[in-house]
Amino acid sequence: MSAGVLKALGAGIQIRLPNGMQLESFWSAQARVSWAACFIALSLMVSGCAESTDQAEEAVHPGLQIYINYCASCHNAGVADAPKLGDKKQWSWRVEKGRSVLVQNTINGMPPAMPKKGLCMSCTDEELANAVDYMLNALE
């Protein structure tokens, strides 16, 4: 993408109406970032440089979606002493027990706070293990 396009995205839009009046629309910083990201993605797809859908899906951690849908509500905020995602201090003594114990605790629950399967009753043990792996990877 050329520097001119990025500069235009950052500067806002200037529109001249037929009756000679001028309308200026300055985008918020968030809108500029969103539109720039869309423009870059579209440019890559059109130019053939984008990854295929299969490759893009493989690049996403297999536990991410389960984490977002079921784990994040407690592990992002530390609800009921849930260790926060990426907080090495809070996870340290849990990690010492080993991955298999963490996975079993996720599957079986840990009263009083950790519900069985993190309330994802439709999740397979493998999906829950992937979510645990996602949280462990956040510690690296």
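Visitor: How many salt bridges does the structure hold, and how should such a feature be read?

Guide: A salt bridge is a side-chain nitrogen of Lys or Arg within 4 Å of a carboxyl oxygen of Asp or Glu, and the structure holds 1 salt bridge. This is a predicted model, in which local features need pLDDT of at least 70 and side-chain atom pairs count only at pLDDT 80 or more, while totals for chains, interfaces and linings use all residues. Residues are numbered from 1 along each chain as its sequence is written, and side-chain values use heavy atoms, with hydrogens and water left out.

Visitor: Which residue forms a salt bridge with Arg99, and which parts of the chain does the pair link?

Guide: The partner of Arg99 is Asp133, with 2.6 Å between the closest N and O atoms. The pair links distant parts of the chain, since Arg99 lies in helix 6 (residues 99-108) and Asp133 in helix 7 (residues 125-137), 34 residues apart; helices here are DSSP runs of H or I with at least four residues, numbered from the N terminus.

Visitor: Is Asp133 buried or exposed?

Guide: Buried means under 20% relative accessible area, exposed over 50%, and partly exposed in between, with a 1.4 Å probe and protein chains only. Asp133 counts as buried because its relative accessibility is 19%, whereas Arg99, at 41%, counts as partly exposed.

Visitor: How is an aromatic pair described?

Guide: By the distance of the ring centres and the angle of the planes. Rings of Phe, Tyr and Trp (its six-membered ring) pair if their centres lie within 6.5 Å, and planes under 30 degrees apart count as stacked, over 60 as edge-to-face and the rest as tilted. The count comes to 1 aromatic pair: Tyr67 and Tyr134 are tilted, at 5.2 Å centre to centre and 45 degrees between the planes. This pair also links distant parts of the chain, with Tyr67 in helix 4 (residues 64-75) and Tyr134 in helix 7, 67 residues apart. Tyr67 is buried, at a relative accessible area of 3%.

Definitions and conventions:
Helices (H or I, at least four residues) and strands (E, at least two) are DSSP runs, numbered from the N terminus.
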